[in-house]
Amino acid sequence: MKKVTTSSLLKMKIEGEKIAALTAYDASFAKMFDEQHIDVMLIGDSLGMVLRGDDDTLSVTVEDIAYHTSCVRKGTSRAFVVADMPFMSYATAEQAFTNAAKLMASGASMVKVEGGNWLSSTIKGLVERGIPVCGHLGLTPQSVHVFGGFKVQGRETKQAQEILDAALSLEKSGIQLLVLECVPNSVAKRVSAALSIPVIGIGAGAETDGQILVMHDMFGISANYMPKFSKNYLAEHNDMRAAVTAYIDDVKAQRFPSSAHSFE
């Protein structure tokens, strides 16, 4: 199987093939996901919640992500590997350049940042320096205390337009992938149609260009709680490899997410 790249992900969007993604944090699970032909693996700062049992993602450091990225890379031969930039690791452009370089050196093929227009110049600088960038809009977990909790974003007309405008601005700045989290189906559909780059949804309905889940949620083993937008595939299949395959198949066939896993 050919290695997944930014070019092949773009081709998938153009040809209408859905992108299947999962978080991963170690070599063993990365190898399993890779063998089942997952398209994208994200080393998420979600590790603070699912590996350490924290209430949020804010305590995760660049060193944490770099370590887990190195582990995932060792188990991966095909999938595209994206690494989260942790909370306050890209508050300034210089911080972003230094910390993104560490994650790329650890084995990432792209870094992910959360936020809108304020990141435009930083994204341009990263891309100019050879670092591919994934954006993240909607519910951005690093801003959970600003939002007042893990809440659906974009239900009001003004906020929905702001999300669309921010997505277009980030694309213009140079992102090659966008994660859209916890927004109504209608907002996700508008953003996906407006952008020429792939849009990966989580709690964003079935009309994005792909889906991502936290692996612990997909297996139903998260320490804290099961989000509405997730589905426990292990409960249905009783085998981890079969669960991963079923998830990928459901994403590709647009059976997941259903209305039960989406927001109106």
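His 261 is located in the segment that follows helix 12 (240-252), helices being DSSP runs of H or I of at least four residues and strands runs of E of at least two, numbered from the N terminus. With a relative accessibility of 14%, His 261 counts as buried (under 20% relative accessible area, with over 50% exposed and partly exposed in between; 1.4 Å probe, protein chains only). Beyond residues up to four places away in sequence, His 261 touches Gly 203, Lys 228, Phe 229, Ser 230, Lys 231 and Phe 256, contact meaning heavy atoms within 4.5 Å.

The model is predicted: local features need pLDDT of at least 70 and side-chain atom pairs count only at pLDDT 80 or more, whereas totals for chains, interfaces and linings use all residues. Residues are numbered from 1 along each chain as its sequence is written, and side-chain values use heavy atoms, with hydrogens and water left out.

The protein contains 12 helices and 8 strands. Its radius of gyration, taken over C-alpha atoms, is 17 Å, close to the 18 Å given for 264 residues by the globule rule, so the protein is as compact as a globular protein of that length (the rule is 2.2 Å times the number of residues to the power 0.38). Buried residues account for 58% of the 264 residues.

The largest nonpolar core, a set of buried Ala, Val, Leu, Ile, Met, Phe, Trp, Tyr and Cys residues joined through side-chain atoms within 4.5 Å, has 86 residues. Phe 33 and Ile 38 are among those with the most contacts inside this core. Outside its neighbours within four places in sequence, Phe 33 contacts residues including Leu 22, Ile 38, Met 215, Phe 219 and Val 244.
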